[in-house]
Amino acid sequence: MTPDDEPLTPEERRVRDALRGLPAAPADPAFRARMRAGFVAGRASAPAGRSRRWWLLAASILVVGGSVVTLTRPQPWRIVAGPGTGFVTIDGERVALAGVSRLAGRLVGGVHVVTDAESELQLQAADAAVLVVTAGSDVRLPSVPGRWFGRSGEGAVARGELRGTTGPAFAGVRWHLTLPDAAVEITGTTFAVLRTDEGSCVCVLDGQVLMATPAARSVVEPGRRLLLAGPTATPLEEALRPMEQMKLEMLRETGRALLAGGR
């Protein structure tokens with residue numbers, strides 16, 4: 001058996017087959033001319049024997065590396081609806097709500113979104129979650145959860161309200177949202193995080209949400225709301241108000257329709 005006939009390992013065969021399945025790339029004329037000159041002059045030869053395995057190994061590294069880059073690239077939120085005729089400011093650029101779709105590719109984790117009093121933005125992350133940035137809000141969006149990577153995200157609510165509902169693809173994801181006087185952890189629920197003149201508030205329709213301050217940590221249970229009037233104040237827990245419950249129930253129904261059986 002010659003080195004060229006040496007059998008490939010299963011992994012090497014998978015790499016070979018993957019490479020054979022790639023679409024053909026057009027040859028670069030300059031490169032082709034250099035290769036022709038090299039062969040004529042006897043300076044180039046095709047890889048053989050164990051060199052072939054090194055070529056396969058290098059190719060597999062490139063394929064895997066490219067896949068990792070693709071999987072870890074931040075994915076944008078998709079704009080589902082934006083009722084109203086107002087304006088939205090995205091990372092400092094103010095645009096009419098009617099034309100905000102042209103900025104959709106910029107709506108990734110960490111982007112700064114400000115809605116005016118006449119605008120509301122509804123966003124979707126595949127089968128993971130639906131978020132609503134309500135009118136008059138100032139928020140930073142958490143990241144769209146990745147399938148294998150990027151299973152946590154950071155966001156913030158400086159003013160207004162961020163409502164959300166999660167779907168099956170949110171399992172195992174953790175979002176951390178910061179407010180001026182508290183921190184919130186989302187792990188799968190239908191919720192609202194508010195920052196108003198009253199203070200910071202978390203409302204939960206189903207699931208659970210953790211709210212933490214320098215003084216205390218509280219778990220907000222289904223059907224409850226937790227109001228914090230300041231970082232050192234004692235949180236006030238009470239039942240959801242009727243209007244809050246109605247809005248969250250409507251959002252949950254929207255989520256079930258958009259998220260393939262979401263919560």
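Reader: Is Glu 237 buried, partly exposed or exposed?

Author: This is a predicted model, and the accessibility of Glu 237 is computed from it. The relative accessible area of Glu 237 is 43%. Buried means under 20% and exposed means over 50%, so Glu 237 counts as partly exposed.

Reader: Which residue forms a salt bridge with Glu 237, the closest N and O atoms being 3.2 Å apart?

Author: The partner of Glu 237, which is in strand 14, sits in strand 13 (residues 224-228). The two residues are 13 apart, and the pair links distant parts of the chain. The partner is partly exposed, with a relative accessible area of 28%. The residue is Arg 224.

Reader: Which residues do salt bridges that share partners join into one network?

Author: One pair in this network is Glu 198 with Arg 241, a salt bridge of 4.0 Å from N to O. Glu 198 lies in the loop between strand 10 and strand 11 (199-212), and Arg 241 in the loop between strand 14 (236-239) and helix 4 (242-258), so this pair ties together parts 43 residues apart in sequence. The network is made up of Glu 198, Arg 225, Glu 238, Arg 241 and Glu 244.

Reader: How many residues apart in sequence are the parts that Asp 181 and Arg 195 tie together?

Author: Asp 181 forms a salt bridge with Arg 195, with the closest N and O atoms 2.9 Å apart. Asp 181 is buried at 8% relative accessible area, whereas Arg 195 is partly exposed at 22%. Asp 181 lies in the loop between strand 9 (174-179) and strand 10 (182-196), and Arg 195 lies in strand 10, so the parts they tie together are separated in sequence by 14 residues.

Reader: How many salt bridges does a search of the whole structure find?

Author: Side chains of opposite charge can pair when their charged atoms come close. The pair of Asp 181 and Arg 195 is one example. For the whole structure, the search gives a total of 13.

Reader: Are the planes of Trp 77 and Trp 175 stacked, tilted or edge-to-face?

Author: The ring centres of Trp 77 and Trp 175 are 5.9 Å apart, and the planes meet at 50 degrees. Planes under 30 degrees apart count as stacked and those over 60 as edge-to-face, so this pair is tilted.

Reader: Which residues do ring pairs link into a cluster?

Author: Phe 170 and Trp 175 form an edge-to-face pair, 4.9 Å centre to centre with 80 degrees between the planes. Phe 170 is buried, as is Trp 175, and Trp 77 is buried too. The cluster consists of Trp 77, Phe 170 and Trp 175.

Technical notes:
Residues numbered from 1 in each chain as written. Predicted model: local features only at pLDDT ≥ 70, side-chain atom pairs only at ≥ 80, totals over all residues. Heavy atoms only, no water. Salt bridge = Lys/Arg side-chain N within 4 Å of Asp/Glu carboxyl O. Helix = DSSP H or I, 4+ residues; strand = E, 2+ residues; numbered from the N terminus. Buried < 20%, exposed > 50% of the residue type's maximum accessible area, 1.4 Å probe, protein only. Phe/Tyr/Trp six-rings, centres within 6.5 Å; stacked < 30°, edge-to-face > 60°.
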